[in-house]
Amino acid sequence: MPEQQPILMQGNEAMARGLVENGCVVAASYPGTPASEILSAIDAWRKAEGANMHVEWAVNEKVAFEIAYAASQSGLRAATAMKQVGLNVASDPLMSAAYLGTVGGFVVISADDPGPHSSQTEQDSRLVAMQAKIPVLDPSSPAEAREMAGLAFQLSEEFGVPVMLRPTTRVCHACQDILLRPVQDLQRTADFRKDPKRWAATPKFRYELHVKLNQTLSRIAAYGPTAPRCLNHAPGTRRAVVASGVSAAHAQEVASASGLWDSFAFYQVVQPYPLHSAFVEEIRTAYDEVLVLEETAGVIEMQLRDYRRVQGKLSGFVPEAGELLPETIERLLARFAGRPLPELPEAAPEAGKRPTLCPGCPHRASFYAIKKAAPKGIYPSDIGCYTLGVNLGGVDTVLCMGAAIGQAAGFYQAYRVTGQPRDIVATIGDSTFFHAGIPPLIDAVVQGARFVLVILDNSTTAMTGNQPTPSQGTPAGQAVDIASIVAGCGVKFCRSADPLDLPAFTAQIKEALAFSRDQGVAVVIAKSPCLVDKSVRHAKRPQAVVDAACTGCRYCTSQFECPALVYDEASGKVVVDVMICSGCGVCLDVCPVKAIRQEGGKP
Amino acid sequence: MISQQLIISGVGGQGILFITRLLAETAIAKELPVLTSETHGMAQRGGIVISHLKVGAFSSPLVRPGQADGLIALKPGNVKLHNSFLKPDGWITANAVEPFPRAGVVTIDADTLALQLGNPQAVNLIVLGRALSMGRFFCTKDELANVLRRKLHDKPAVLEGALAALAAGAGAA
Ligand code: SF4
Ligand code: SF4
């Protein structure tokens, strides 16, 4: 038998593998970069291994947390996965579950995004773990992330607490060669033991639970398997580098490459909180100077306490914002070692191409119609591909999931109080509407707010890789219809239209505006599938052609901004990039002189 | 042990992830350790997408500026954007119509070739084929083609298109 070959695994797939290998039975998540691939990978491993599990895309992170937590209360191993801002949404059950504790191992994966590459904030989930008073593990590579998924279950069951696993983008979206290990079937059955004093504890008993949690934490700070690891033997040095997460991986490589490997003792912290007490003592007594490298906040640094000798984010030695890139770490290590700083690499020119909606994306047509119908409107928007409507001037605000609706109501009230009526057109994606849009819609109706809400319904969660939305239902359940929810919230005007039919859609928005000006909230559901959603069959349509009548006014490129329409300096006209034009045909209605046509014509 | 650091860049939708993983899987087939770093999220919507690929004994998934052996650019503009990653003697293979006024840059008009093949999605493999034909990779074109065959064995039509693209790129030398 040939030896098994390792397979290429993305960090997210590796964590998923670790969970499944270690007997995870229930997993629930809401997608968000960089955590989106975790749940799909869990489901893929489940299928491949024939494991008996419940794996679900929940409607939001709070619900995902609660589903998985109940499985843990029933004695099964369970996990929930989300991005860092998703953890904000799930923070309510997290804080409480920390006090109540767990039965079956319970892992909360919260993926951070230093940079940030694809997030609203650079927040450090380890600070949330600290606030909740639960231990957090910080993997430095996909392989380690897989290990730590198992370790997290073990830690959780040993101490009866939820355990956070906190990867960052560079771990989630790194790939590495990893060997598969067998999947354990722990043969457990759900067994929820009633104990209302604990599971439904009143404030008085919560105090006792808090005291107990503090005691548990001090025991976890002495737990062997998660203790910091000394990676080198540098006898006689009074300098130490303490690193965690991918910063440890960068630092290790950079220190070896620049001949600094023996210049200091090198520790990798696996569990940044609670930091092991013996380690804190060792650092205090054995070293005169300490450099802490971690992302994104100074979590380890603040637990080392001795600020005079510890350099890090709080001391100002390490940048407090942005990603710690290996080239930054190289300079920090040199400075710490008292070596000359390596040359700063020539700064790359600003990234050339900004992200934009796909050619033929229905959202582009929706934004164009909204601008036409309400040119002086305020446009609150939300989180998703359509945030890119900002390029088109169709997005004025982006705050957090669901805020488009709350803000639209807020803008209405602000302008109403001061007596200046304004058109307000909010946009929100279908998945985001389900996630956090329903309570603010109810609020708007109850308070008599007046605005137009356009629900951009492309039947998928596009930005994060086309995860399903509740309107598709699941094999075991049933589909939930957006229009019925809207009606159920008490909205009296709700229409559905296809934005790719630009004239009719624009007329629909105008009608909704008229309703909203004197009656209340009006909803238009912009229904058209996402172009990259492979689960939908896309009819092949003829590409656009710009004919000689093009005046070169560039209206289409500046106001509609389809990336397939390119101004050609040589001819002074716009040309169609046939590599990417999807043939949606919307630009035919955008061109003011009707110079764009479609081979075969548009019906 | 072989040690190679590569940067693969382009814009969202060009299939950067696909060729990065293909190269990484070829490394594994050759029993070499591999680390990559991918771009996901908003940048995938037509923004700048960059992959780092490190074959050999590395612990960090990122290539530092000045350390890359080679750069594969699927858009001409990405050469300027990402050549600071290269070592002084690093090579570049770029998808471009015009040749580059710079030593060490091999260009190929992959857009035109892809349209000729009737496969606009194949720009990535055409440029990769061209880069592999230079013989400076940790793997050969045939080794990579074998991995491709294994990966796409249940999609014969896609496989055929992919192999044709690879060959077209290599043949354009
Ligand atoms: S992925 Fe879908 S929703 Fe997102 S920009 Fe492209 S077509 Fe639009
Ligand atoms: S038909 Fe027009 S709007 Fe649609 S993708 Fe092609 S160029 Fe863009």
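Trainee: Between which strand and which helix of chain A is P274(A) found?

Mentor: P274(A) is in the loop between strand 11 (265-269) and helix 12 (277-286) of chain A; both elements are DSSP runs numbered from the N terminus, helices being H or I over at least four residues and strands E over at least two. The model is predicted, so local features need pLDDT of at least 70 and side-chain atom pairs pLDDT 80 or more, while totals for chains, interfaces and linings use all residues. Residues count from 1 along each chain as its sequence is written, chains are lettered from A and ligands numbered from 1 in the order in which they are written, and side-chain values use heavy atoms, without hydrogens or water.

Trainee: What makes the peptide bond from Y273(A) to P274(A) worth a remark, cis or trans?

Mentor: Its omega is near -10°, and the bond is cis. Most peptide bonds are trans. Another cis bond joins E295(A) and T296(A), with omega about -5°; T296(A) lies in the loop between strand 12 (289-293) and helix 13 (299-304) of chain A.

Trainee: What is the sign of phi at Q187(A)?

Mentor: Phi is positive, about 55°, although Q187(A) is not a glycine. Most residues other than glycine have a negative phi. Q187(A) is in the loop between strand 8 and helix 9 (196-199) of chain A.

Trainee: How do you know that strand 9 and strand 11 of chain A pair?

Mentor: Pairing asks for at least two DSSP bridges between two strands. Strands 9 and 11 of chain A have two, in the antiparallel sense, and therefore pair. Within strand 11 of chain A, Q268(A) stands opposite R229(A). Both strands belong to an open five-stranded sheet of chain A with order 9-11-10-12-13 and mixed pairing. Its edges are strand 9 (229-230) and strand 13 (310-311), each paired on one side only.

Trainee: Which strand of chain B is joined to strand 8 of chain A?

Mentor: Strand 2 of chain B is joined to strand 8 (residues 174-178) of chain A by three bridges, and the two run antiparallel. T36(B) is the bridge partner of C175(A).

Trainee: Why is the meeting of E253(A) and K54(B) called a salt bridge?

Mentor: The rule wants a side-chain nitrogen of Lys or Arg within 4 Å of a carboxyl oxygen of Asp or Glu. The side chains of E253(A) and K54(B) come to 2.7 Å, N to O, so the pair meets the rule. The interface of chains B and A has two salt bridges by this rule.

Trainee: What is the area buried between chain B and chain A?

Mentor: About 3,500 Å², of which carbon and sulfur atoms give 61%. Buried area is the accessible area (1.4 Å probe) that two parts lose on being put together, summed over both. On the chain B side, M42(B), R45(B) and R64(B) lose the most to chain A, together 24% of what that side buries.

Trainee: Which residue of chain B is among those around ligand 1?

Mentor: R45(B) is; the others include C358(A), H363(A) and C530(A). A residue counts as near if one of its heavy atoms lies within 4 Å. Ligand 1 thus has neighbours from both chains and lies between chains A and B.

Trainee: How many charged residues does the shell around ligand 1 have?

Mentor: One, beside eight nonpolar and two polar. Asp, Glu, Lys and Arg count as charged, Ala, Val, Leu, Ile, Met, Phe, Trp, Tyr, Cys and Pro as nonpolar, and the others, Gly among them, as polar. The shell around ligand 2 has nine nonpolar, four polar and no charged residues.
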